[in-house]
Amino acid sequence: MKRFSSSKRAVNNVVKGEIKWELRPGGMLVQKRDMGDASSGPMIKIKVSHGSFHHDITVPAQSTFGDLKKVLVQEIGLEPKEQRLLFQGKEKDDEECLHMVGVKDMSKVVLLEDPASKERKLEEMKRNQSVLKACEEVAKVRAEVVQLSDKVYALEGIVHGGTKVDEKELLGLTELLMVQLLQLDTIEANGEAKVQRRAEVRRVQRLVDTLDNMKARNSNPFSSSGKSEAFECASPSFPSSTRITHDWEVFD
């Protein structure tokens, strides 16, 4: 074991053959070890306390705290970066070796979830709940719009058939659709809920446009088909005793 006291160039000078070195906390330069070497040594059982839960974890005695975190992922579901490991009241770095700080068989290690990670999870949970609530509100509006759309398309078929409908029906449907459009505008949506809200807004706008076209056609049933009203000019009627000639009388 050698003391590292110079620059990065000194680290390169001590790498000889296949021997690799690594810098430990505190400036200590030691031979680099991998998990393959550690797994060939003795195994120890560590008691890990996580809140009200306790886990017995078996790892090679030469493992680091970073290695222990990787094993704990399978047990508790927290990623290594989300874990904080404490031994004898002090938090340990990932690079520190268990045996070098006094961790032995049946030693106790405390696991805490990183506060920043916990806060992110809480924020994500709140966002998911907000999205779910917004989706439910959009679904309620969608149900109303579907019912209104059935009425719109029914009237559209009547108008296209050349039959006039009561103008009040068209105006009433337009007002009801505008109410749903305002309802959609009050929904605070993000993510998937925002996509669904946008789709419903477009649906309502298309229905309102359809009603506007129906109003124009309803007021003039022949305008959209290219036909115009034809008015026949009736021939003047003459008494049956009157004889029509082409003789003209000249007046001075």
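Arg 142 is partly exposed, with a relative accessible area of 26%; partly exposed lies between buried, under 20% relative accessible area, and exposed, over 50%, with a 1.4 Å probe and protein chains only. Its partner Glu 200 is buried, at 3%. The side chains of Glu 200 and Arg 142 form a salt bridge with an N to O distance of 3.1 Å, where a salt bridge is a side-chain nitrogen of Lys or Arg within 4 Å of a carboxyl oxygen of Asp or Glu. The pair links distant parts of the chain, since Glu 200 is in helix 6 and Arg 142 in helix 4, 58 residues apart. Arg 142, Glu 200 and Arg 203 are joined into one network by salt bridges that share partners.

This is a predicted model, in which local features need pLDDT of at least 70 and side-chain atom pairs count only at pLDDT 80 or more, while totals for chains, interfaces and linings use all residues. Residues are numbered from 1 along each chain as its sequence is written, and side-chain values use heavy atoms, with hydrogens and water left out.

Helix 4 covers residues 115-160. Helices (H or I, at least four residues) and strands (E, at least two) are DSSP runs, numbered from the N terminus. The expected span of a helix is 1.5 Å times one less than its number of residues. For the 46 residues of helix 4 that gives 68 Å, and the end C-alpha atoms are 65 Å apart, which agrees. Gly 162, with a positive phi near 95 degrees, follows helix 4.

Which residues of helix 4 are buried? Among them are Ser 117, Ala 134, Cys 135, Val 138, Val 141, Val 145, Leu 148 and Val 152. An α-helix has 3.6 residues a turn, so residues three or four places apart point the same way. The buried residues of helix 4 pack against strand 8 (108-113), helix 5 (167-185) and helix 6 (192-219).

The next topic is the nonpolar cores. A nonpolar core is a set of buried Ala, Val, Leu, Ile, Met, Phe, Trp, Tyr and Cys residues joined through side-chain atoms within 4.5 Å. The largest has 23 residues, of which Val 152, Leu 177, Ile 187, Val 204, Leu 211 and Met 214 touch the most other members. Helix 4, helix 5 and helix 6 each supply at least two residues of this core, and helix 4 gives the most, with nine residues. Leaving aside neighbours within four places in sequence, Leu 211 is in contact (heavy atoms within 4.5 Å) with Val 152, Leu 170, Leu 173, Thr 174 and Leu 177. Apart from this core lies another, of 15 residues, including Ile 57, Phe 65, Val 103 and Leu 111.

In total, the structure holds six salt bridges. Side chains of opposite charge can pair when their charged atoms come close. One of the six joins Lys 47 to Asp 56, with the closest N and O atoms 3.3 Å apart. Lys 47 is partly exposed at 30% relative accessible area, and Asp 56 is partly exposed at 46%. Arg 84 and Glu 91 also meet through their side chains in a salt bridge, at 3.0 Å from N to O. Arg 84 counts as partly exposed at 26% relative accessibility, and Glu 91 counts as partly exposed at 43%.

Finally, the cysteines. Cys 97 is buried at 4% relative accessible area, and Cys 135 counts as buried at 16%. A search of the whole structure finds zero disulfides, a disulfide being a pair of cysteine sulfur atoms within 2.5 Å.
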